[in-house]
Amino acid sequence: MKNIPVISVTGKSLAEAYETALIYLYGKGTRFKTQYDRPGDPLSIDCTMNLTILEPEIDPMIHMAFPGGVDDLREYVLELEGLKDHLIKDMNDPEDKHPEYTYHGRFQNYGVWKELIDGESKEVGTFKVDQIKNVIDKLAEQPFTRQAQMITWMPNIDFTCDDPPSLQSLWYRILEDEDGIWWLNSNIRYRSNDAWNAGFLNMFGFIQFSKDVIAAGIAEKTGKTVKLGRMNWQADSYHIYGKDIRSAKERLFERINDMAFEERTMNFNDPLIRKVYDNAEAEIVKKIKGADDLKTQN
């Protein structure tokens, strides 16, 4: 084979589209080595994926094959909304093991990073751009604009940092229906997307980010009703690592013929699920506060 497969799938809900993409990846993806393989690991399964969720807010939203819990979903959404922006490393401090960035930090403070200077952590960079504000302002003023985009990649840092951003860009545009409702459509592009361990978490998180931050911000500025239209998910490398193939087979691929789709999914808007989701926030904030205290002490 000389060409990486390009796979396109569409689903009405997040859970449907996510499962369909995994099935097609497993059946039609190619085999690849990765720089993270351990001795004896099978080759990864990989493709370029174009996935469209037609109605991102409808149930069933949660797929039970996702290797995590409802509290993990809440923590990731809070991270995308800025809860962990302060927990980034000083780039020239070899002892600092925190990540080099957060996605929200790149969105809201694009162009800057932290360095340890004379023993003090300082923000460094020649410019700083709040992309979130700019995108909301642009769409509120001109909903049909093609310029409502946020990026993460900073080439002065990311070609050499330990873990460069997988997410590359968010792009938004609005359609207005006959009732005057604004529908926020999005294209979300990843250069690398771990389909099994992170893909569902990422998709769920950006549905909530688009709703709670972008759509809500536009609605506040304009007084319009803003809902989520389709989300197109583009991954240059959409993959299952070789070490995870067995788990994916046991938790999903070998169960599909014996379990109804309703048994493989959960409704996010179920009152019990929402209660767990909402109640998780206090403990997550407490945990992050502990991590913040530990970074300060160090």
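Start by selecting Trp113: its bridge partner in strand 6 is Val124. You're looking at a predicted model, so keep that in mind as you click around.

**Stop 1: a short hairpin**

Now widen the selection to strand 5, residues 113-117, and strand 6, residues 120-124. These two run antiparallel and share five bridges. Two residues sit between the strands of this hairpin, and Asp118 is in the loop there. Pick Asp118 and check its backbone: phi is near 55 degrees, which is positive even though the residue isn't glycine. Most residues other than glycine have a negative phi. Is Asp118 buried or exposed? With a relative accessibility of 78%, Asp118 lands above the 50% cut-off, so it counts as exposed.

**Stop 2: a cis bond**

Next, go to Asp59 and Pro60. The peptide bond joining them is cis, with omega at about 0 degrees. Most peptide bonds are trans. To find your bearings, look in the loop between strand 3 (44-53) and strand 4 (62-63), where Pro60 is found.

**Stop 3: strand 9 and its neighbours**

Select residues 182-194, which make up strand 9. How many of its 13 residues are buried? Ten are, so this strand is mostly covered.

Add strand 8, residues 167-176, to the view: strand 8 and strand 9 pair in the antiparallel sense over nine bridges. For a landmark on this pairing, click Ile174, which stands opposite Leu184 in strand 9. The hairpin formed by strand 8 and strand 9 has five residues between the strands, and Gly180 there has a positive phi near 85 degrees.

Then bring in strand 10, residues 226-240. What is the sense of its pairing with strand 9? Strand 9 and strand 10 pair in the parallel sense, over eleven bridges. Asn187 is a handy marker here, as it stands opposite Asn232 in strand 10.

**Stop 4: two helix pairs**

Two packed helices are described by the angle between their axes and the distance between the axes. Try that on helix 2 (residues 70-80) and helix 6 (residues 199-222): they pack at an angle of about 55 degrees, and their axes are 9 Å apart. That angle makes helix 2 oblique to helix 6. The crossing of helix 2 past helix 6 is right-handed.

Now switch to helix 1, residues 14-28, and helix 7, residues 245-253. Here the packing angle is about 130 degrees and the axes lie 12 Å apart. Helix 1 and helix 7 are therefore oblique to each other. Helix 1 passes helix 7 in a left-handed crossing.

**Stop 5: cysteines**

Select Cys47 and Cys161. Cys47 has a relative accessible area of 0%, so it is buried. Cys161 is buried too, at 12%, because the cut-off for buried is under 20%. How many disulfides does the structure hold? Zero.

**Last stop: an annotated span**

Finish by colouring residues 126-255. The unreviewed UniProt entry annotates this stretch as "domain: Thymidylate synthase/dCMP hydroxymethylase". In the model, the span is 37% helix and 32% strand. If you draw a distance between the C-alpha atoms at its two ends, you should get 53 Å.

How values were computed
Residues are numbered from 1 along each chain as its sequence is written. This is a predicted model: local features need pLDDT of at least 70, side-chain atom pairs count only at pLDDT 80 or more; totals for chains, interfaces and linings use all residues. Side-chain values use heavy atoms; hydrogens and water are left out. A disulfide is a pair of cysteine sulfur atoms within 2.5 Å. Buried means under 20% relative accessible area, exposed over 50%, partly exposed in between (1.4 Å probe, protein chains only). UniProt positions are given in the numbering used here, feature names are shortened, and annotations may be inferred rather than shown by experiment. Helices (H or I, at least four residues) and strands (E, at least two) are DSSP runs, numbered from the N terminus. Two strands pair if DSSP finds at least two bridges between them. Axes are lines fitted to C-alpha atoms, for helices over the stretch in contact, and angles run from 0 to 180 degrees between N-to-C directions. Angles under 35 degrees count as roughly parallel, over 145 as roughly antiparallel, 65 to 115 as roughly perpendicular and the rest as oblique. A crossing is left-handed if the near helix is turned anticlockwise from the far one by less than a right angle, and right-handed if clockwise.
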